[in-house]
Amino acid sequence: MNKFNVTAARGKRVFEREGCAACHTPPLYTNNKLTPAKGFEIPGDHLAKYEILPISVGTDPDLTLKTRRGTGYYKVPALT
């Protein structure tokens with residue numbers, strides 16, 4: 001495990017200030033939900049089938065909208 005130093009303290013303040021724990025929930029630092037790519041319209045039936053956050057965090061949409069396997073969503077990644 002990394003030592004908690006000045007840089008880590010600064011990162012912790014940013015994490016708290018920006019509300020990152022809403023999606024990157026400890027202890028795994030993910031909520032395992034989906035977030036739509038910018039520009040993707042969530043189909044109405046998906047809201048009942050999947051755990052989808054109602055916000056897009058601005059992740060580059062190219063991988064999920066312009067590829068054969070793209071779904072329009074990204075899964076909130078773990079930060080560990």
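1. Secondary structure. In this predicted model, the protein chain contains three helices and two strands. Read from the N terminus, these elements follow the order α-β-α-α-β. The chain therefore opens with a helix and ends its series of elements with a strand, where a helix is a run of at least four residues and a strand a run of at least two. The elements named in the points below are helix α1, residues 6-17, strand β1, residues 34-36, helix α2, residues 44-49, and strand β2, residues 73-75.

2. Overall dimensions. The radius of gyration of the protein chain is 15 Å, whereas a compact globule of 80 residues would have a value near 12 Å. The C-alpha trace spans about 45 × 25 × 20 Å along its principal axes. The student may wish to keep both descriptions in view when looking at the model.

3. Burial and surface. What share of the 80 residues in the protein chain is buried? The buried residues make up 20% of them. The chain exposes about 6,400 Å², and carbon and sulfur atoms supply 57% of that area.

4. Contacts across the sequence. Consider the contacts between residues that are at least 6 apart in sequence. Of these, 50% join residues at least 24 apart.

5. Charged side chains. The protein chain carries 12 positive and 7 negative side chains. The centres of these two sets lie 8 Å apart. The count of salt bridges comes to four, and three of the pairs are described in the next two points.

6. Salt bridges within helices. In helix α1, E16 forms a salt bridge with K12, and their closest N and O atoms are 3.9 Å apart. This pair counts as a salt bridge because the cut-off is 4 Å. The two residues are four places apart in the helix, which is about one turn. K12 is partly exposed, with a relative accessible area of 44%. In helix α2, K49 forms a salt bridge with D45, with the closest N and O atoms 3.6 Å apart. Here too the partners, K49 and D45, are four residues apart and separated by about one helical turn. K49 is exposed, with a relative accessible area of 53%, while D45 is partly exposed at 44%.

7. A salt bridge between sequence neighbours. E18 forms a salt bridge with R17, the closest N and O atoms being 3.0 Å apart. Are these two residues buried or exposed? Both E18 and R17 are exposed.

8. Backbone geometry between α1 and β1. Most residues other than glycine have a negative phi, and most peptide bonds are trans. Against that background, several features of the loop between α1 and β1 deserve attention. P26 and P27 are joined by a cis peptide bond, with omega of about 5 degrees, and P27 lies in this loop. Y29 is not a glycine, yet has a positive phi of about 60 degrees. Y29 is also placed in the loop between α1 and β1 and is partly exposed, with a relative accessible area of 29%. N32, likewise not a glycine, has a positive phi of about 60 degrees. N32 belongs to the loop between α1 and β1; its relative accessible area is 45%, and N32 is therefore classed as partly exposed.

9. The start of helix α2. In which element does G44 lie? G44 lies in helix α2. G44 is exposed, with a relative accessible area of 57%. Between G44 and T59 there are 22 Å in space, C-alpha to C-alpha, for a sequence separation of 15 residues.

10. The segment after β2. P77 is found in the segment after β2. Which residues does P77 touch, once its neighbours within four places in sequence are left aside? P77 is in contact with H24, Y29 and T30. Y29 thus appears again: the residue with a positive phi of about 60 degrees is one of the contacts of P77. By comparison, P77 and P43 are 34 residues apart in sequence and 22 Å apart in space, C-alpha to C-alpha.

Terms used. Residues numbered from 1 in each chain as written. Predicted model: local features only at pLDDT ≥ 70, side-chain atom pairs only at ≥ 80, totals over all residues. Heavy atoms only, no water. Rg over C-alpha atoms; globule rule 2.2 N^0.38 Å. Buried < 20%, exposed > 50% of the residue type's maximum accessible area, 1.4 Å probe, protein only. Contact = heavy atoms within 4.5 Å. Areas by Shrake-Rupley, 256 points an atom, 1.4 Å probe, with all protein chains shown as cover. Lys, Arg positive; Asp, Glu negative; His and termini not counted. Charge placed at Lys NZ, Arg CZ, Asp CG, Glu CD. Salt bridge = Lys/Arg side-chain N within 4 Å of Asp/Glu carboxyl O.
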